[in-house]
Amino acid sequence: MSYVDEVLELVKKKNASEPEFLQAVEEVLNSLRPVIEKNEEKYRKEALLERLTEPERQIKFRVPWVDDKGQVQVNTGYRVQFNSAIGPYKGGLRLHPSVNTGIIKFLGFEQIFKNSLTGLPIGGGKGGADFDPKGKSDREVMAFCQSFMTELCKYIGADTDVPAGDIGTGAREIGFMYGQYKRIKGLYEGVLTGKGLSYGGSLARTEATGYGLLYLTDEMLKANGKDIKGKTIAVSGAGNVAIYAIQKAQQLGAKPVTCSDSTGWIYDPEGIDVALLKEIKEVKRARLTEYAAARKSAEYHEGRSAQGAGSGVWSVKCDIALPCATQNELDIEDAKALVANGCFAVAEGANMPTTLEATKYLQENKILFAPGKAANAGGVATSALEMSQNSERLSWTFEEVDSKLQNIMVNIFRNLDDAAKRYGVEGDYVAGANIAGFEKVVNAMEAQGIV
């Protein structure tokens, strides 16, 4: 049995109840086979893959808080510090009812390679809680965030572990958490990223993941003799990533025609109105039904963006698909619908939004496919740029940050393209991203001994 198969069997045995984590490990290790096989005995002796797939530290804790009715609520908080070989742990805090150990581990594992790909000195970590900020008052969110940070602050720091935002954790939540950290620790340091501009945040951070997604997509198309101008784009999601992906796509001359939230989706053949979408989602925190009510050209459809059978946003005829909502939202039936409708490129704006089966189908049908660990790395890259600004006690202009972001995303594509070519899998950008990310992490791990 090969070393990769041995480790996959071991990981499945140890983490049988964590399907998302197993999916992430399987995808990464399978695509790393050509690299592992070249160094099989050495890596086996060093238990390199066992160390790579086992987090350095997992923290799980109780988060009690009091709601507006005076009732005590209890949530579970998590932080998985996965790998610090190339820098302090870095990764977001997800606040969503679906959060559990397996999801946090899958996200943390992906983060190792994503962070490595940015070329910046940041390791992989992830955290969060099974708390839902939707429908909660500002005071309730503050009560939760303060309780959450009271425990989390024991394990993080500007040179140890620097969390950021993620699903459910925006500027409001980061502000409450930062205030509590400072209150307990008595330190004014860059311990969180995604902060407000008045207290150490970075310009362009809000836009970074969506903008970065389009910078990489544009570079991928150019490398394959295609132009993004005039192309129709299907986008899922209506959060931070989706909104700014839509905005940058329009700036590059493309026409995004869809977006979605947890209750339904919009098709707007005239192109999504970004200003209206921002008003509904960022200001009113409302549902997409309000978009359709305010814009005659838009059609609203009930139901989640992806329900199989090529439904939802993926049923719309498009040239490029950008899944920007959540994990496993684009399944095999959706992939078949995209191929049948003439889509030629898919770039992941969310973390692992495409199932393994769908990814394989898209690649077999020669669809250009950019995996999330590369395509959505703009957010964490700009978080690392925020860390740099905090360390220097400086703020860079929007243009400076945006220019650095664009360079990082272009370099990510070039590095993964190069890695794929070096190992004889040209055009397989999933393998290329995993190999390029893996090489840097492994070099650092080997240099630091058995730790």
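**Entry 1: Val66**

I located Val66 in strand S1, which covers residues 57-66. The model I am reading is predicted. I then looked up the exposure of Val66 and found a relative accessible area of 37%. Because exposed requires over 50% and buried under 20%, I recorded Val66 as partly exposed. I also noted that Val66 joins Val72 and Val74 in a nonpolar surface patch of about 240 Å².

**Entry 2: Lys154**

I turned next to Lys154, which I found in the loop between helix H7 (138-152) and strand S5 (161-164). Is Lys154 buried or exposed? I entered Lys154 as exposed, since its relative accessible area is 52%. I looked for partners of its side chain and found a polar contact of 2.7 Å with the side chain of Glu151. I also checked Lys154 against Ser137, 17 residues apart along the chain, and noted 27 Å between their C-alpha atoms.

**Entry 3: Thr382**

My last residue was Thr382, which belongs to helix H16 (residues 378-392). I looked up its relative accessible area, which is 0%, so I listed Thr382 as buried. Which residues are in contact with Thr382, leaving aside its neighbours within four places in sequence? I listed Ser202, Leu203, Ala204, Arg205, Ala208, Val401 and Leu405. I also examined the polar side-chain atom of Thr382 and found the backbone oxygen of Gly378 at 2.9 Å from it.

Technical notes: Residues are numbered from 1 along each chain as its sequence is written. This is a predicted model: local features need pLDDT of at least 70, side-chain atom pairs count only at pLDDT 80 or more; totals for chains, interfaces and linings use all residues. Side-chain values use heavy atoms; hydrogens and water are left out. Patches are made of residues with over 30% relative accessible area and no salt bridge: like charges are joined within 9 Å, nonpolar side chains (Val, Leu, Ile, Met, Phe, Trp, Tyr) within 5 Å. Accessible areas come from the Shrake-Rupley method with a 1.4 Å probe; for residues, only the protein chains shown count as cover. A salt bridge is a side-chain nitrogen of Lys or Arg within 4 Å of a carboxyl oxygen of Asp or Glu. Helices (H or I, at least four residues) and strands (E, at least two) are DSSP runs, numbered from the N terminus. Buried means under 20% relative accessible area, exposed over 50%, partly exposed in between (1.4 Å probe, protein chains only). A polar contact is a pair of N or O atoms within 3.5 Å; within protein, one must be able to donate a hydrogen and the other to accept it, and residues adjacent in sequence count only if both atoms are side-chain atoms. Contact means heavy atoms within 4.5 Å.
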